[in-house]
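Good morning, and thank you for coming. I would like to take the group through one structure, beginning with its sheet and ending with its helices.

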Amino acid sequence: MFKDLDPLLHSQLRLAVMSLLISVKEADFVYLKEQTGATSGNLSVQIDKLNTAGYIDIQKTFQGKMPRTVCKITDKGIDAFDGYVKNLKPYIKRNPV
Amino acid sequence: MDKKFTEQESLAVIGEMIDRARNNVQKGSANSLIYYGYAVALVAMLNYILLQALDDKNMSFAVWYLMIPLAIAGHFLKRKLDRSAIVKTHIDGIIACIWKGFSVSIIALIIILFSMAYFDPYTTEHSWIYLSLITPMVMIMTAMAEFGMAKACRYRPFYWGAIFFWTGALLCLLSYVVLKKGDVQFIILAVCMIAGFVIPGYSLNKKAKQNV
């Protein structure tokens with residue numbers, strides 16, 4: 001009945017990033033940093049992991065002379081997030097908040 | 001922040017982040033609304049002044065051609081804002097779609113009313129009465145678009161803005177039928193643009209500043 005939670009998502013910062021990205025069309029690195037309160041270094045490492053897993057797409061562009069990183073959740077990421085929430089439910093039912 | 005955590009904490013993070021994204025209002029997101037509010041109010045007031053000043057009243061309506069460069073400038077302003085936006089939500093897409101549909105409808109409406117005015121099949125004269133419908137019809141359509149936008153972004157002042165436009169449209173009719181004055185509708189339009197676009201726009205931008 002209890003399925004293992006996706007270890008890639010069962011991490012506070014990566015889950016926060018995925019929760020934000022599932023709610024918006026696309027988000028800049030600056031926005032993710034503001035909303036999660038993470039440091040640039042840590043956030044950069046975590047979004048790279050999500051990108052490697054194919055959960056998010058990262059587009060690196062330039063706005064004027066400033067580099068810009070825009071993240072977008074992929075279909076695989078949406079499925080993984082849905083699966084994670086489904087698998088989470090039995091745990092929550094067992095130990096309600 | 002990248003520590004392992006309990007299922008309850010996990011649920012709390014999902015809820016908090018979705019809530020943050022949902023209540024997110026970006027700085028300057030109402031700039032386009034404020035811009036068009038001032039632009040249309042300005043042109044409407046110019047039209048009113050020219051109606052009083054010119055001998056050939058029909059010439060005064062040419063002032064609306066100013067909306068073409070103003071709309072082009074507005075388009076570039078919007079594009080610049082979109083490029084610098086740090087987040088794009090699905091709601092932004094819906095709102096953009098509402099206003100695109102509104103713009104197409106306005107063009108269709110103007111073509112229809114001008115065609116009816118110039119080529120009315122029931123009379124050999126031009127039927128100028130159709131042209132006096134432009135302002136109230138535009139206001140009704142603006143109210144409908146703003147009402148949709150209010151629902152999409154759950155921002156109450158936009159509901160009030162829509163009500164201003166609907167009321168304004170009815171006042172245009174009253175001014176025409178009761179006062180028999182067509183020029184008053186431009187003052188009504190200018191007031192509605194300020195009350196329905198500019199004031200809620202500034203209020204939304206203020207809310208966005210407080211969010212940061």
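**The sheet, a pocket and two helix pairs**

Strand 1 of chain A and strand 3 of chain A run antiparallel and are joined by 2 bridges. Please keep in mind throughout that this is a predicted model.

Let me stay with this pair for a moment. Within it, A:A27 faces A:C71 of strand 3 of chain A, and A:D28 has A:V70 of strand 3 of chain A as its bridge partner.

Strand 1 of chain A, residues 24-28, also pairs with strand 1 of chain B, residues 87-89. That pairing is antiparallel and extends over 3 bridges. Here A:A27 appears again, standing opposite B:V87 in strand 1 of chain B. A:A27 therefore has a residue opposite it in strand 3 of chain A and another in strand 1 of chain B. I should withdraw the word "therefore" there: these are two separate pairings, one with A:C71 and one with B:V87.

On its other side in the sheet order, strand 3 of chain A pairs with strand 2 of chain A, again in the antiparallel sense, over 8 bridges. Two of the partnerships may be named: A:D57 with A:K72 of strand 3 of chain A, and A:T61 with A:R68 of strand 3 of chain A. Strands 2 and 3 of chain A form a hairpin with 2 residues between them. In the turn, A:G64 has a positive phi of about 70°.

What, then, is the order of the strands in the open sheet? The order is 2(A)-3(A)-1(A)-1(B), which makes 4 strands with antiparallel pairing. Strand 2 of chain A and strand 1 of chain B each have a single partner strand, so they stand at the edges, and one side of each lacks a neighbour in the sheet. From one strand to the next, the twist averages 20°.

To place these strands in their chain, chain A contains 4 helices and 3 strands. Read from the N terminus, its elements follow the pattern α-β-α-α-β-β-α. The C-alpha trace of chain A spans about 50 × 25 × 20 Å along its principal axes.

I turn now to the second largest pocket, which has a volume of about 220 Å³. Its lining comprises 14 residues, and those nearest its centre are A:D28, A:V30, A:P67, A:R68 and A:T69. Two of these residues have already been mentioned: A:D28 as the partner of A:V70, and A:R68 as the partner of A:T61.

Which element gives the most to this lining? Strand 3 of chain A does, with 4 residues. At least two residues each come from helix 2 (29-36), helix 3 (40-52), strand 2 (56-63) and strand 3 (66-73) of chain A. By class, the lining holds 6 nonpolar, 4 polar and 4 charged residues.

Finally, I come to the helix pairs. In chain A, helix 1 (residues 12-23) packs against helix 4 (residues 75-94) at an angle of about 115°, and their axes are 11 Å apart. The two helices are therefore roughly perpendicular to each other. Their crossing is left-handed.

In chain B, helix 6 (residues 134-153) and helix 7 (residues 156-177) pack at an angle of about 165°, with axes 8 Å apart. Angles over 145 degrees count as roughly antiparallel, and helix 6 and helix 7 of chain B are therefore described in that way. This crossing is likewise left-handed. The contact between helix 6 and helix 7 of chain B has 16 nonpolar, 4 polar and 2 charged residues.

How values were computed
Residues numbered from 1 in each chain as written. Chains lettered and ligands numbered in written order. Predicted model: local features only at pLDDT ≥ 70, side-chain atom pairs only at ≥ 80, totals over all residues. Heavy atoms only, no water. Axes fitted to C-alpha atoms, helices over the stretch in contact; angles between N-to-C directions. Parallel < 35°, antiparallel > 145°, perpendicular 65-115°, else oblique. Left-handed = near helix turned anticlockwise from the far one by under 90°. Nonpolar A, V, L, I, M, F, W, Y, C, P; charged D, E, K, R; others polar. 1 Å grid on protein atoms, 1.4 Å probe; cavity = no way out; pocket = protein on both sides within 12 Å on 5 of 7 lines; lining within 4 Å. Points joined across faces, edges and corners; volume = space filled by probe spheres on them. Pairing = 2+ DSSP bridges.
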